[in-house]
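Visitor: I have a protein open on my screen and would like to talk it through. Where do we start?

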Amino acid sequence: MTISQKQITKVAFQGEPGANSHIALVEAFPQAEPLPCPTFEDALAAIASGEADLGMIPIENSIAGRVADIHHLLPASGLHIVGEWFIPIHHQLMAPRGAKIEDIKTIESHVHALGQCRRLIRKLGVKSVVAADTAGSARIVAERGDKSCASLAPRLAAEIYGLDILAEDVEDESHNTTRFVILSKDSQWAAQDSGPSLITSFVFRVRNLPAALYKALGGFATNGVNMTKLESYMVDGEFFATQFYADVDGHPDDRNLAYALEELKFFSREFRIVGVYPAHPFRATFGEPTS
């Protein structure tokens with residue numbers, strides 16, 4: 001990542017202290033002050049107002065898929081992607097001090113965390129309770145002090161809220177990973193020669209023409225541009241108004257990507273690049289199984 005650590009004093013994230021977003025920003029910006037925000041809207045507003053220098057926002061998970069709110073909030077926010085970060089997600093079963101696993105009757109957490117630990121919940125035969133976020137559920141369980149109530153949250157949350165970990169790394173899948181985007185108020189495109197692997201992210205809406213999407217994307221194939229992500233979502237709740245978010249390899253000034261984007265823009269009514277940034281090293285692990 002090319003962002004200067006010296007310039008970063010405060011980083012916003014959605015959730016409470018101990019959340020996975022908190023862990024990601026501490027890894028990426030160990031010297032920065034974390035700024036917890038109740039909602040994604042609050043986190044984006046803190047970045048836009050300058051209260052926070054950057055934001056660490058989850059955009060997709062390898063098990064649960066995309067974080068839906070971000071895909072429709074990001075284009076309207078006017079913010080820019082200046083980096084990305086990946087962290088493995090590990091859920092710990094935690095409860096008030098002195099609780100035993102056989103005492104547990106309910107497990108609370110974010111809906112995604114509950115979905116990622118179905119085997120444990122079925123094995124224990126307990127009731128799952130949806131909370132706003134993982135770390136928030138840990139705080140609530142700690143405050144309640146009921147030894148029959150447990151939380152699924154990161155290890156850091158157990159340390160912050162004084163809970164005992166009853167079972168470690170209880171997620172169903174060991175490859176559970178979340179991708180975060182690092183957001184800034186200002187556009188900070190990575191230089192074309194700043195590294196061997198760059199990502200360009202953009203949003204667009206195609207014209208209302210037959211096969212417009214097919215034609216708009218054809219330039220990426222003919223120019224040999226690798227598209228690593230393409231998401232569609234409705235705008236303002238209208239079925240006919242579909243916006244797309246995409247990630248591609250390369251820099252907009254690369255000849256092949258420049259030609260592909262030129263063709264895309266010809267068939268699009270709206271187009272905006274939201275970020276040009278170095279690929280995180282975790283991307284080197286991507287690839288289809290050989291057998």
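Guide: Start with a term: a residue is called buried when its relative accessible area is under 20%. By that cut-off, buried residues make up 50% of the 291 residues in the protein. Keep in mind that this is a predicted model.

Visitor: OK. How many helices and strands does the protein have?

Guide: There are nine helices and 15 strands.

Visitor: And what is the radius of gyration?

Guide: The protein has 21 Å. A compact globule with 291 residues would come out near 19 Å, so the value agrees with that rule. The C-alpha atoms fill a box of roughly 65 × 45 × 40 Å, taken along the principal axes.

Visitor: What about contacts between residues far apart in the chain?

Guide: Take the contacts with a separation of 6 or more: 74% of them are accounted for by residues 24 or more positions apart.

Visitor: Switching to the surface. How much of the accessible surface belongs to carbon and sulfur atoms?

Guide: The share is 51%, out of an accessible surface of about 14,100 Å².

Visitor: And the charges, how far apart are the mean positions of the positive and negative ones?

Guide: They are 3 Å apart, with 26 positive and 36 negative charges in the protein.

Visitor: Now the aromatic rings. How many pairs are there?

Guide: The count comes to six aromatic pairs. In one of them, the ring centres of F202 and F271 are 5.6 Å apart and the planes stand at 45°. That angle is neither under 30 degrees nor over 60, so the pair is tilted.

Visitor: Where in the chain do those two sit?

Guide: F202 is in strand β12, residues 198-206, and F271 is in strand β15, residues 268-278. They are 69 residues apart, so the pair links distant parts of the chain.

Visitor: Is F202 buried or exposed?

Guide: F202 counts as buried, at 0% relative accessibility. Its partner F271 counts as partly exposed, at 25%.

Visitor: What sort of pair do F266 and F267 form?

Guide: An edge-to-face one, with 5.0 Å from centre to centre and 85° between the planes. F266 is exposed, with a relative accessible area of 53%, whereas F267 is buried, at 16%.

Visitor: Which residues do ring pairs link into a cluster?

Guide: The cluster is made of F202, F204, F220, F244 and F271.

Visitor: New topic, backbone angles. What is there to see at D169?

Guide: D169 has a positive phi of about 45°, although it is not a glycine. The residue lies in the loop between β10 (164-167) and β11 (177-184). With a relative accessible area of 39%, D169 is partly exposed.

Visitor: And A211, what is its phi?

Guide: Phi of A211 is near 60°, again a positive value in a residue other than glycine. A211 is placed in the loop between β12 and α8 (212-222). Its relative accessible area is 45%, so A211 is partly exposed.

Visitor: Last one. Where is R139 found?

Guide: R139 is in helix α6, residues 134-144. It is partly exposed, with a relative accessible area of 26%.

Visitor: What is R139 in contact with?

Guide: Leaving aside neighbours within four places in sequence, R139 is in contact with E16 and Y161. As for I160, which is 21 residues from R139 along the chain, the two C-alpha atoms are separated by 8.5 Å.

Note on methods
Residues are numbered from 1 along each chain as its sequence is written. This is a predicted model: local features need pLDDT of at least 70, side-chain atom pairs count only at pLDDT 80 or more; totals for chains, interfaces and linings use all residues. Side-chain values use heavy atoms; hydrogens and water are left out. Helices (H or I, at least four residues) and strands (E, at least two) are DSSP runs, numbered from the N terminus. The radius of gyration is taken over C-alpha atoms; the globule rule is 2.2 Å times the number of residues to the power 0.38. Buried means under 20% relative accessible area, exposed over 50%, partly exposed in between (1.4 Å probe, protein chains only). Contact means heavy atoms within 4.5 Å. Accessible areas come from the Shrake-Rupley method with a 1.4 Å probe; for residues, only the protein chains shown count as cover. Lys and Arg count as positive and Asp and Glu as negative; His and the chain ends are not counted. The place of a charge is taken as NZ of Lys, CZ of Arg, CG of Asp or CD of Glu. Rings of Phe, Tyr and Trp (its six-membered ring) pair if their centres lie within 6.5 Å; planes under 30 degrees apart count as stacked, over 60 as edge-to-face and the rest as tilted.
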